[in-house]
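Student: I would like to go through a structure step by step. Can we begin with the overall fold and then turn to single residues?

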Amino acid sequence: MSSVNISDRIAALLKDKQLSAIELSKVIQVQRSTLSHILSGRNKPSIDLLERFHTAFEDLSLEWLITGKGKMYK
């Protein structure tokens, strides 16, 4: 599954993990508005945010999250 952009891939992760955006923002410890801006495509995620995804979901492939290449999970 290779989505077009990172906001699509984050949305795919939400769906796969059966999390709402509010739940995800709590899991990765960011403000809901920060995540909302990324999901809408308004902002791109920072390196810090990508590290938070990696910490929260150790099985998540960062290559997939960042580039869309490969599989969602390691």
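Student: Which pattern does the protein follow, read along the sequence?
Tutor: This is a predicted model. Its secondary structure comes to 5 helices and 0 strands. Read along the sequence, the pattern is therefore α-α-α-α-α.

Student: What is the radius of gyration of the protein, and how does it relate to the globule rule?
Tutor: For 74 residues the globule rule gives 11 Å, and the value for the protein is close to that, so the protein is as compact as a globular protein of that length. Along the principal axes, the C-alpha trace spans about 30 × 25 × 25 Å. The radius of gyration is 11 Å.

Student: What percentage of the residues in the protein is buried?
Tutor: A residue counts as buried when its relative accessible area is under 20%. The share is taken over the 74 residues of the protein, and it comes to 35%.

Student: Which residues of helix 4 are buried, and why are they on the same side?
Tutor: Helix 4 covers residues 47–56. An α-helix has 3.6 residues a turn, so residues three or four places apart point the same way. The buried residues of helix 4 cover an arc of only 100 degrees around the axis, which puts them on the same side. They are L49, L50 and F53.

Student: Which exposed residues does the face of helix 4 turned away from its buried side carry?
Tutor: Exposed means over 50% relative accessible area. On the face turned away from the buried side, the residues that count as exposed are I47 and T55.

Student: Which helices do the buried residues of helix 4 pack against?
Tutor: Packing here rests on contacts, that is, heavy atoms within 4.5 Å. The partners are helix 1 (6–17), helix 2 (21–27), helix 3 (32–39) and helix 5 (62–67).

Student: Is R52 buried, partly exposed or exposed, and which residues does R52 touch?
Tutor: R52 is found in helix 4. Its relative accessibility is 27%, so R52 counts as partly exposed. Leaving out residues up to four places away in sequence, R52 touches I28, Q29 and V30.

Student: How far apart in space are R52 and L24, C-alpha to C-alpha?
Tutor: In sequence, R52 and L24 are 28 residues apart. In space, their C-alpha atoms are separated by 11 Å.

Student: Is S7 buried or exposed, and which residues does S7 touch?
Tutor: S7 is found in helix 1. With 10% relative accessibility, S7 counts as buried. Not counting residues up to four places away in sequence, S7 touches I38, L39 and G41.

Key. Residues are numbered from 1 along each chain as its sequence is written. This is a predicted model: local features need pLDDT of at least 70, side-chain atom pairs count only at pLDDT 80 or more; totals for chains, interfaces and linings use all residues. Side-chain values use heavy atoms; hydrogens and water are left out. Helices (H or I, at least four residues) and strands (E, at least two) are DSSP runs, numbered from the N terminus. The radius of gyration is taken over C-alpha atoms; the globule rule is 2.2 Å times the number of residues to the power 0.38. Buried means under 20% relative accessible area, exposed over 50%, partly exposed in between (1.4 Å probe, protein chains only). The arc is that of the directions from the helix axis to the C-beta atoms.
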